[in-house]
Amino acid sequence: MGHLTGYWDFHEEQRWLLYFVHRKGRLKVDIDFRFAILCAGFALPLAEINRRSINCPSLHIFGSVPGKDRQIENKTSRELASLFEDGCSVIIEHDCGHIIPPRSPYIDEIKGFLQRFL
Amino acid sequence: MLVLCANSEHLSLFLSCYIVTFCFLLRELWSECNSSSNKAGARPPIKLRILCMHGFRQNAPGFRRTASLAKKLKGIVELIFVDALHELPLIYLPVFSELECSDESSLSSQQFLPSTETCRGKLARLIAPDCKGRSVTDWKKPDSPFDPLRYQQQTVGFNVSPSYLKTVFSQDGPFDGILGFS
């Protein structure tokens with residue numbers, strides 16, 4: 001795992017999207033972190049991001065099929081996870097709805113991910 | 001014990017030495033235990049600092065309360081919650097009786113809504129282009145029913161976030177990780 005820098009990429013119509021990549025950005029800001037946890041996450045189609053192109057350790061937590069999270073579909077969060085490189089992302093699917101699952105076994109899986117960075 | 005040993009000087013001397021030695025060893029053992037526990041206690045626990053960003057129509061205290069992650073991950077993380085920048089209109093879901101009849105004397109949701117002066121704002125990182133923010137200062141019913149695909153229309157609001165996040169990172173950082181909800 002290299003030194004990671006998050007940066008913001010300007011897009012048309014003053015819209016923004018946060019990237020978590022190694023590549024140099026056009027507008028770099030001092031935002032630095034080692035991992036990202038994305039709960040019920042989704043990616044807006046504001047900019048082109050290739051699949052498997054984001055090299056940042058990530059934990060994706062979202063509702064399992066079918067329709068366990070009525071606000072953000074399983075497919076949508078899975079698409080966000082697919083933007084991250086294989087091998088650096090971990091997926092936890094749960095049946096608790098549109099929340100961060102606060103119980104076992106999910107909480108233990110979250111701890112397992114975090115232990116890598118301690 | 002001294003009375004029993006009074007007739008034997010040798011036995012008395014032996015026992016005295018035995019007791020003194022025993023006490024000395026006990027004290028050494030006690031101090032060693034204390035020092036080792038002090039060393040373990042003095043070592044600051046290593047915790048991961050995680051910046052937490054709440055979801056739509058929420059705020060930092062609300063996310064801290066509902067996520068309940070700090071308790072579940074106690075000892076390994078330090079969670080720092082920050083507010084999003086965009087304030088949303090105050091809306092409420094009417095109670096069933098309001099939908100069924102228009103009688104003014106019937107039970108009304110308005111009776112249970114907190115004061116808009118003391119109510120903490122509901123915030124968002126991204127908003128719809130036609131969002132007017134908290135221009136209306138009082139509670140109101142939603143214009144349309146809940147739309148599960150609403151998030152797809154929330155496409156503006158990034159323009160003020162980079163400088164804000166930069167400030168958060170410089171003032172409250174460094175962070176080991178970030179956590180975003182929805």
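Student: Which residues have the most contacts inside the largest nonpolar core?
Tutor: In this predicted model, a nonpolar core is a set of buried Ala, Val, Leu, Ile, Met, Phe, Trp, Tyr and Cys residues joined through C-beta atoms within 7 Å. Buried stands for 20 or more other C-beta atoms within 10 Å of a residue's own, exposed for 12 or fewer, and partly exposed for the range in between, with C-beta atoms placed from the backbone. The largest such core has 32 residues, and those with the most contacts inside it are A:Ile37, A:Cys39, A:Ile61, B:Ile50, B:Leu51, B:Ile178 and B:Leu179.

Student: Which element supplies the largest share of this core?
Tutor: Helices (H or I, at least four residues) and strands (E, at least two) are DSSP runs numbered from the N terminus. At least two core residues each come from E4, E5 and H2 of chain A, and from strand E1 (48–53), helix H3 (60–67) and E5 of chain B. The largest share, five residues, comes from E4(A).

Student: Which residues does A:Ile61 touch, not counting residues up to four places away in sequence?
Tutor: A contact requires the C-beta atoms of two residues, placed from the backbone, to lie within 7 Å. With residues up to four places away in sequence left out, A:Ile61 touches A:Ile37, A:Cys39, A:Ile92, A:His94, A:Ile100 and A:Pro101.

Student: Where is confidence highest in chain A?
Tutor: Residues are numbered from 1 along each chain as its sequence is written, while chains are lettered from A and ligands numbered from 1 in the order written. Local features need pLDDT (the predictor's confidence in each residue, from 0 to 100) of at least 70, side-chain atom pairs count only at pLDDT 80 or more, and totals for chains, interfaces and linings use all residues. The mean pLDDT of chain A is 75, with 69% of its residues at 70 or more. Confidence is lowest in strand E1 (residues 5–10) of chain A, at a mean of 35, and highest, at 95, in helix H2 (residues 106–115) of chain A.

Student: Is A:Ala40 buried or exposed?
Tutor: A:Ala40 sits in the loop between strand E4 (35–39) and strand E5 (58–63) of chain A. Its phi is positive, about 45°, although A:Ala40 is not a glycine. There are 26 other C-beta atoms within 10 Å, so A:Ala40 is buried.

Student: Which residue does a cis peptide bond join to B:Gly173?
Tutor: The partner lies in the loop between helix H6 (161–172) and strand E5 (177–181) of chain B. Omega is about 0°, and the residue joined to B:Gly173 is B:Pro174.
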